[in-house]
Amino acid sequence: MNEEQFIEALKEQGISLSDHQLHQFGKYFQMLVEWNEKMNLTAITDAPSVYLKHFYDSITAAFYTDLTGNKSICDVGAGAGFPSIPLKICFPDVTVTIVDSLNKRITFLTELAKELELDNVHFIHSRAEDFGQNPKYREQFDIVTARAVARLSVLSELCLPLVKEGGIFISMKGAAAEEELQDAKKAINILGAELVEKFSFSLPMEESERNIFILNKVKKTPKKYPRKPGIPNKTPLK
């Protein structure tokens, strides 16, 4: 996907990019490649693939939910900033908080935000389990998102405690997502949410399957969740 195809594909979804936003994506790509030589941020470094599999793929979350206005988004385990930084570029009014357990990724993201002149972005170096128990962040966000971080049963325990009542958790998945959803049903219920919508589609050009689940937070998450670091992954809620 070249820049022109990227612009057109987003336009078809009602998202028009200004020259400034396009410059931000260009700079993002440049910094991703430069920093990737020093640390492992991504296996995908050629421009067409980055624009399709990182930038466009991240923005698909906005095709199915309203990101206009000054909503607060928390991105759990964002790695090199996906999906929240591309979403922030497209929707500058959102406030973004990224939590990641690797400090060098936080260093990259801090530098990136400075270069792209992004305001209202916060980067927290923490394990998601500890972050979810922190009263400053727990049940504080309108939207929590995660892209291919872990199986949905695990991810729900890391993300749902951060969503405020009436807010949503957007889980972005590849293939085999339906099986993960069946597996996670009990966890979703225990953690105070319900599935409201699911969308299945193919990425343009390469036709790889993508799934987006939107979960609504209907009641508070019990205090004991998330459990201690490592436990959700070892023994997912069933």
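Contact here means heavy atoms within 4.5 Å. With that in hand, Ile-168 is a handy place to start in this predicted model. Ile-168 sits in strand 5, and it is buried, with a relative accessible area of 14%. Setting aside neighbours within four places in sequence, Ile-168 is in contact with Thr-65, Asp-142, Ile-143, Val-144, Val-163, Ile-214, Leu-215 and Asn-216. One of these partners, Val-144, is 24 residues from Ile-168 in sequence, and the two C-alpha atoms are 6.5 Å apart in space.

Another of those partners, Thr-65, belongs to the loop between helix 3 and strand 1. Loop residue or not, Thr-65 is buried, at 17% relative accessible area. Once neighbours within four places in sequence are left out, Thr-65 is in contact with Ile-168, Ile-170 and Ile-214. Ile-214 thus turns up in the contact list of Thr-65 and in that of Ile-168.

Now for the overall picture. The chain is built from nine helices and seven strands. Its radius of gyration is 17 Å, close to the 18 Å that the globule rule gives for 238 residues, so the chain is as compact as a globular protein of that length. Taken along the principal axes, the box filled by the C-alpha atoms is roughly 45 × 35 × 35 Å. Of the 238 residues, 55% are buried. Sequence-distant pairing is well represented: among contacts between residues at least 6 apart in sequence, 70% join residues at least 24 apart. The accessible surface of the chain comes to about 10600 Å², and carbon and sulfur atoms account for 48% of that surface. As for charge, the chain carries 29 positive and 32 negative charges, and the mean positions of the two sets are 11 Å apart.

Helix 3 deserves a paragraph of its own. This helix covers residues 47-59, and ten of its 13 residues are buried, so helix 3 is largely enclosed by the rest of the structure. The buried residues are Ser-49, Val-50, Tyr-51, Leu-52, His-54, Phe-55, Tyr-56, Asp-57, Ser-58 and Ile-59. What lies over them? The cover includes helix 1 (3-12), helix 2 (19-36) and helix 4 (84-90), along with strand 4 (141-147), strand 5 (163-173) and strand 7 (209-217).

One of the buried residues of helix 3, Asp-57, also takes part in a salt bridge. Side chains of opposite charge can pair when their charged atoms come close. In this case the side chains of Arg-147 and Asp-57 meet at 3.2 Å, N to O. Arg-147 lies in strand 4 and Asp-57 in helix 3, so the pair ties together parts that are 90 residues apart in sequence. Both Arg-147 and Asp-57 are buried.

That pair has company, as the structure holds 19 salt bridges. Another one joins Lys-71 to Asp-66, with the closest N and O atoms 3.8 Å apart. Here the two partners are partly exposed: Lys-71 has a relative accessible area of 22%, and Asp-66 has one of 45%.

A mixed case comes from Lys-220 and Glu-139, whose salt bridge has its closest N and O atoms 3.6 Å apart. This pair links distant parts of the chain, 81 residues apart: Lys-220 is in the loop between strand 7 and helix 9 (231-234), and Glu-139 is in the loop between helix 6 (128-133) and strand 4. Lys-220 is exposed, at 53% relative accessible area, whereas Glu-139 is buried, at 14%. Salt bridges that share partners then bring Glu-139, Glu-165, Lys-217 and Lys-220 into one network.

Finally, there is Asp-75, which is found in strand 1 (residues 72-76). Is this residue buried or exposed? Asp-75 counts as buried, because its relative accessibility is 0% and the cut-off for buried is under 20%. Not counting residues up to four places away in sequence, Asp-75 touches Gly-81, Phe-82, Pro-83, Ser-84, Thr-97, Ile-98, Val-99, Thr-145 and Ala-146. Phe-29, by contrast, is 46 residues from Asp-75 along the chain, and the C-alpha atoms of the two are separated by 20 Å.

Note on methods
Residues are numbered from 1 along each chain as its sequence is written. This is a predicted model: local features need pLDDT of at least 70, side-chain atom pairs count only at pLDDT 80 or more; totals for chains, interfaces and linings use all residues. Side-chain values use heavy atoms; hydrogens and water are left out. Helices (H or I, at least four residues) and strands (E, at least two) are DSSP runs, numbered from the N terminus. The radius of gyration is taken over C-alpha atoms; the globule rule is 2.2 Å times the number of residues to the power 0.38. Buried means under 20% relative accessible area, exposed over 50%, partly exposed in between (1.4 Å probe, protein chains only). Accessible areas come from the Shrake-Rupley method with a 1.4 Å probe; for residues, only the protein chains shown count as cover. Lys and Arg count as positive and Asp and Glu as negative; His and the chain ends are not counted. The place of a charge is taken as NZ of Lys, CZ of Arg, CG of Asp or CD of Glu. A salt bridge is a side-chain nitrogen of Lys or Arg within 4 Å of a carboxyl oxygen of Asp or Glu.
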